[in-house]
Amino acid sequence: MMTTERRVLWVTGAGSGMGRASAVAAAASGWRVAVSGRRANAVAETATMIRDAGGEALELAVDVTDEDALGEAHGRLVDTWGDVDGVVLAAGLNTPRRNWGDQSMTDFAAIVDTNLTSVARVVDLVLPGMRRSGRGDIVVVSSRSGWRFSPGAGVAYMSSKTALGALVASLNDQEGAHGVKACHLCPGDVDTDFLAMRPEVPGAQQRAQMLTADDIARTVRFVLDSPAHVRIDELAVSPIGQR
Ligand SMILES: NC(=O)c1ccc[n+]([C@@H]2O[C@H](COP(=O)([O-])OP(=O)(O)OC[C@H]3O[C@@H](n4cnc5c(N)ncnc54)[C@H](OP(=O)(O)O)[C@@H]3O)[C@@H](O)[C@H]2O)c1
């Protein structure tokens with residue numbers, strides 16, 4: 001009987017929210033999934049969810065802003081399963097103090113480091129392997145604020161997410177010839193822990209109008225499972241009532 005080796009996916013921000021839901025959905029779709037986040041216990045919970053459903057998971061607790069640790073995590077992943085075939089980049093940061101009148105430059109730098117530079121760090125690590133295999137799927141979880149001006153999202157957050165559109169376009173321009181494709185995925189409001197970083201944290205009634213993490217996981221799975229010759233450059237996914 002011929003066996004097909006499962007493709008290897010690395011998900012950042014996989015300890016909660018959209019990253020976790022995407023990791024679980026991709027595993028159900030047949031990917032081996034390496035799960036990353038800073039909280040080892042949250043990462044372990046996601047790995048358990050995947051294994052309990054019959055999938056394969058590798059726990060890689062790591063801070064994506066720590067370049068050395070990230071390189072070590074990638075090394076462990078490659079030693080375990082070989083080159084990475086796909087990544088879902090969902091680690092993200094915001095702050096309640098997000099306007100020119102109240103933001104701090106320390107927060108600004110941390111947000112750009114997490115939301116933008118860390119995406120480039122992970123991509124830089126996995127690209128050589130993707131080029132070798134002639135195929136790579138990169139899903140960048142950006143934001144509606146990276147697609148349309150969204151003043152409430154904050155200066156640093158909106159700027160970092162908008163820059164992801166250019167990062168994705170540059171990947172598609174320069175790496176498409178190697179079979180690598182990237183998607184700028186722009187969710188609107190999603191009911192996750194992330195909302196705790198808003199200046200006014202939404203209540204249950206508002207959250208009920210939002211997307212769920214599973215809604216986005218379904219979209220991620222659609223992108224990851226698209227045929228090799230199909231590139232989905234950008235997707236904006238919003239709850240029906242979002243203005
Ligand atoms: N919720 C929304 O309405 C919304 C809308 C559009 C886009 N987004 C974006 O969607 C992505 C996922 O967010 P979510 O809504 O699913 O919220 P979430 O559950 O809070 O997920 C964010 C994840 O990022 C991880 N993370 C943060 N900083 C990290 C770091 N330095 N290194 C490694 N992991 C880090 C967190 O885990 P640890 O704390 O354990 O590291 C957490 O699991 C984010 O990029 C966010 O900007 C959210």
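Analyst: Helices (H or I, at least four residues) and strands (E, at least two) are taken as DSSP runs and numbered from the N terminus, and by that numbering helix H1 (17-28) and helix H5 (155-175) each supply at least two residues of the shell around the ligand. The model is predicted, with local features needing pLDDT of at least 70 and side-chain atom pairs counting only at pLDDT 80 or more, whereas totals for chains, interfaces and linings use all residues. Residues are numbered from 1 along each chain as its sequence is written, and side-chain values use heavy atoms, leaving out hydrogens and water.

User: What makes a residue part of the surroundings of the ligand, and which are the closest?

Analyst: A residue is near the ligand if one of its heavy atoms lies within 4 Å of it. The ligand is surrounded by 29 residues, the closest being Ser16, Arg38, Arg39, Tyr157 and Thr192. This shell divides into 11 nonpolar, 12 polar and 6 charged residues, with Asp, Glu, Lys and Arg counted as charged and Gly as polar.

User: Why does the pair between arginine 39 and the ligand count as a polar contact?

Analyst: An N or O atom in the side chain of arginine 39 is 2.6 Å from an oxygen atom of the ligand, and a polar contact is a pair of N or O atoms within 3.5 Å, so this pair qualifies. The side chain of aspartate 63 likewise places an N or O atom 2.8 Å from a nitrogen atom of the ligand, and a backbone N or O atom of glycine 17 lies 3.4 Å from a ligand oxygen atom. Taken alone, the ligand exposes 870 Å², and the protein buries 94% of that (Shrake-Rupley method, 1.4 Å probe).

User: How do you know what to call the arrangement of H4 and H5?

Analyst: Helix H4 (residues 105-133) packs against H5 at an angle of about 15 degrees, with the axes 8 Å apart. Angles under 35 degrees count as roughly parallel, over 145 as roughly antiparallel, 65 to 115 as roughly perpendicular and the rest as oblique, and H4 and H5 are therefore roughly parallel to each other.

User: Which terms describe H1 beside H2, and H1 beside H7?

Analyst: H1 and helix H2 (residues 40-52) pack at about 25 degrees with axes 9 Å apart, and are therefore roughly parallel. The axes of H1 and helix H7 (residues 213-224) come within 8 Å and cross at roughly 50 degrees, which makes H1 oblique to H7.

Notes
A polar contact is a pair of N or O atoms within 3.5 Å; within protein, one must be able to donate a hydrogen and the other to accept it, and residues adjacent in sequence count only if both atoms are side-chain atoms. Axes are lines fitted to C-alpha atoms, for helices over the stretch in contact, and angles run from 0 to 180 degrees between N-to-C directions.
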